[in-house]
Each structure stands twice: as structure tokens, then as C-alpha cells.
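Colleague: I am new to this structure and would like a close look at a single part of it. Please show it to me before we start.

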Amino acid sequence: MDVVLPILIVLIVLAILAGSSLRLVQQYQRGVVLRFGRLREAVREPGLHVLVPFVDRMTRVSVQTVVLDIPKQGAITRDNVTVDVDAVVYFRVDDPVKAVINIQDYVQATSTVAQTSLRSVIGRAELDTLLSDRDQINTELRDVIDAPTENWGITIDRVEVKDIALPESMRRSMSAQAEAERERRARVIAADGEFQASSKLSEAAGTMADTPGAMQLRLLQTVADVAAEKNSTLVMPFPVELLRFFEHATATPPRTEVPVVVETDADPSAASPEPEAPAAGPLPAPVPALALPEPVSPVANGVGPDRP
């Protein structure tokens, strides 16, 4: 009994030592070993590794790609427009030693750098560039974030802007501008179509003018198109030449005035022009002469200058 107890104690101690000295590194991890606080140059690859108990300390670092959401950041663009922008960053650890030695928490540090870089890039860009050229913004943002994180052993694979929130007044203004632009394009297209149609109609009119039978065939085609529909419309072709014949037949000749010559015995130079004779017709009845009293001579009444 006295021999068995020491053996059990030795076995338990060996098990503890073996448990503390064996470390397992997964396929997606890398191990960084510190011996008495000093870095061991060799990075532990995936597998089972033996460490010196109570001397070596190993830190496992994941080399998988990390998806980091950048919270919505309020920024002012270069043309003084307030926007709220959020993005997403894809990064991974390229150098496990730097990720452990040079930075305390590389995930938190990358998130902080991404937020400040996003506000900086948005402030240097205009609103039109921010809305239309997302690729340029993403590339510039990736370069800005990758500059400080390179010393931490972090590689930025991709950065994308997810959403851009505009003020309500700016949305209404942009909607009105887009509607006006679409209306302008529609009018230009309609005018261009009318111009092309008028050119074709002019060519067709010239062809029909050179061929008299073409107009008659076009008239028959119109009648056939109308008759194909189920309606009560009656179409009667009427020759245009017949209308022109009636127009020339009913045209009245222009009226000409004939001068009237009046003969007189007086001097032509002293004579005044007489009015033009009225048209032929019944003459008016003669006006009867008024009977005036006969004047009385002053001599016959015995008064006058010859009376004695």
C-alpha cells in the first residue's frame, strides 16, 4: 500500500504535465509561442504540438476571413451634403506574429480605423461620385484602411459601401431632377421620330406624284383596312378630278365696268362732270309745279318815282 500511493501520485503528475504540454492547432489556425515572454520564431502549423510545461505559452490566431460591419457614419460630402453611410470590410490575418505582438486586439483596431477612414473618404468625395461611382469609393476606402493595418499583419481583401441615406429634401430634389430629365429625353425622342416620319412621308409623296396609279392603290388599301374592322363605317371613294372639274365649271368671270360718255353743247373745259347714269329701270313720276302769285307792278298802283 505504501508503494502504490507514490506511484499513483507520479502518474497523476505525469498526466498533468502531459496535458499542459500538448497543444492542438486547427487547420484554420496558427500558433504563436512565447517562452519566458520571448517570441519563438517558428509559427506552429496545424497539428499536435508539444510545449515545455509552465515555460511555453501559445496563442492561437485564426487566419479565416473576418466580415466586419462598419456602423452607420454621419459625414458631410465635398459639396456640403449630409449623408449617413455604412459599409462592410473583409479582412484576414496574414502574419500571425504581428497580429499578436504589434496590436492588442486587431479586430477592434480594424473596426475603429474603418470608421474613421469611411468618414474621411466620404468627406473628400462629391455626392454625384458617391452615388454613381461606387467602385472608385470602395477602392479608395480599401487603400486607406489597408495602410495602417499592414503593420498589424492584417490584409484588407475587400471593402464595400452598403447604403447611403440622404435627407428627405435631397431625395425630393433628385426625384424632380430625374423626372425632368426623363421628360426631356422623351420629347427629344418623339421629335426625332416625327422628323424621320416626315422625311419618309415626303419621299412617299414624291413617289406617288411621279406614279399617278399609286394614289389610287393607296386609296384602295385604306378602304380595305377600314372594311377589315367590324364597324358600320361606309367609305365611298370620290375622284378628286371630279371635284376639280366642278370647281372650274362654277367659277364666275370677273366683272368689268364700261365707261359712260355724255354729249353736251357747252364748253368741255367749263362743263362739270355729270354723274354716271343710273341703271335702266322705271323713271320716277314728275313732281307738279307750284303756282306762285303774279307780282304787282308799283306803277299800276299809283305809287312810284314817276308819280307827279
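Colleague: Among contacts in the protein between residues at least 6 apart in sequence, what percentage join residues at least 24 apart? After that, please take me through the largest nonpolar core and what lies outside it.

Modeller: This is a predicted model. Among contacts between residues at least 6 apart in sequence, 63% join residues at least 24 apart. The protein has eight helices and eight strands, and 19% of its 308 residues count as buried. Its accessible surface comes to about 23900 Å², and carbon and sulfur atoms account for 58% of that area.

Now to the core. In soluble globular proteins, nonpolar side chains tend to be buried together. The largest nonpolar core here has 33 residues, and those with the most contacts inside it are Val83, Val85, Val89, Tyr106 and Ile145. Two or more residues each come from strand E6 (66–76), strand E7 (82–93), helix H3 (106–124), helix H4 (127–132), helix H5 (134–149) and strand E8 (154–165). H3 gives the most to this core, with seven residues.

Val83 serves as a worked example. Leaving aside residues up to four places away in sequence, Val83 touches Gln73, Gly74, Ala75 and Thr77. With that same exclusion, its partners further along the chain are Ile122, Leu127, Leu130, Ile164, Ala165 and Leu166.

Strand E8 also holds Arg158. This arginine counts as partly exposed because its relative accessibility is 49%, and the buried class needs a value under 20%. Apart from residues up to four places away in sequence, Arg158 touches Val88, Val89 and Tyr90. Val89 is one of the residues with the most contacts inside the core. The side chain of Arg158 also makes a polar contact with the side chain of Glu160, at 2.4 Å. From Arg158 to Asp143 the C-alpha separation is 9.8 Å, with their positions 15 residues apart along the chain.

Elsewhere, helix H1 (residues 4–21) contains Ile7. Its relative accessibility is 47%, so Ile7 counts as partly exposed. Ile7 belongs to a nonpolar surface patch of about 1100 Å². Other members of that patch include Val3, Val4, Leu5, Leu8, Ile9, Val10, Leu11, Val13, Leu14, Leu17 and Phe54.

Ser21 is also found in helix H1. This serine is buried, because its relative accessible area is 9%. Ser21 touches His49, Val50, Leu51 and Pro53, not counting residues up to four places away in sequence. One of these partners can be placed by distance: the C-alpha atoms of Ser21 and Val50 are 5.3 Å apart, although the two are 29 residues apart in sequence.

His49, another partner of Ser21, is found in strand E4 (residues 47–50). At 18% relative accessibility, His49 counts as buried, since the cut-off is under 20%. With residues up to four places away in sequence left out, His49 touches Ser21, Leu22, Arg23, Val25 and Arg44. A polar atom of the His49 side chain lies 2.5 Å from the backbone oxygen of Glu45.

Notes: Residues are numbered from 1 along each chain as its sequence is written. This is a predicted model: local features need pLDDT of at least 70, side-chain atom pairs count only at pLDDT 80 or more; totals for chains, interfaces and linings use all residues. Side-chain values use heavy atoms; hydrogens and water are left out. A nonpolar core is a set of buried Ala, Val, Leu, Ile, Met, Phe, Trp, Tyr and Cys residues joined through side-chain atoms within 4.5 Å. Buried means under 20% relative accessible area, exposed over 50%, partly exposed in between (1.4 Å probe, protein chains only). Helices (H or I, at least four residues) and strands (E, at least two) are DSSP runs, numbered from the N terminus. Contact means heavy atoms within 4.5 Å. A polar contact is a pair of N or O atoms within 3.5 Å; within protein, one must be able to donate a hydrogen and the other to accept it, and residues adjacent in sequence count only if both atoms are side-chain atoms. Patches are made of residues with over 30% relative accessible area and no salt bridge: like charges are joined within 9 Å, nonpolar side chains (Val, Leu, Ile, Met, Phe, Trp, Tyr) within 5 Å. Accessible areas come from the Shrake-Rupley method with a 1.4 Å probe; for residues, only the protein chains shown count as cover. A salt bridge is a side-chain nitrogen of Lys or Arg within 4 Å of a carboxyl oxygen of Asp or Glu.
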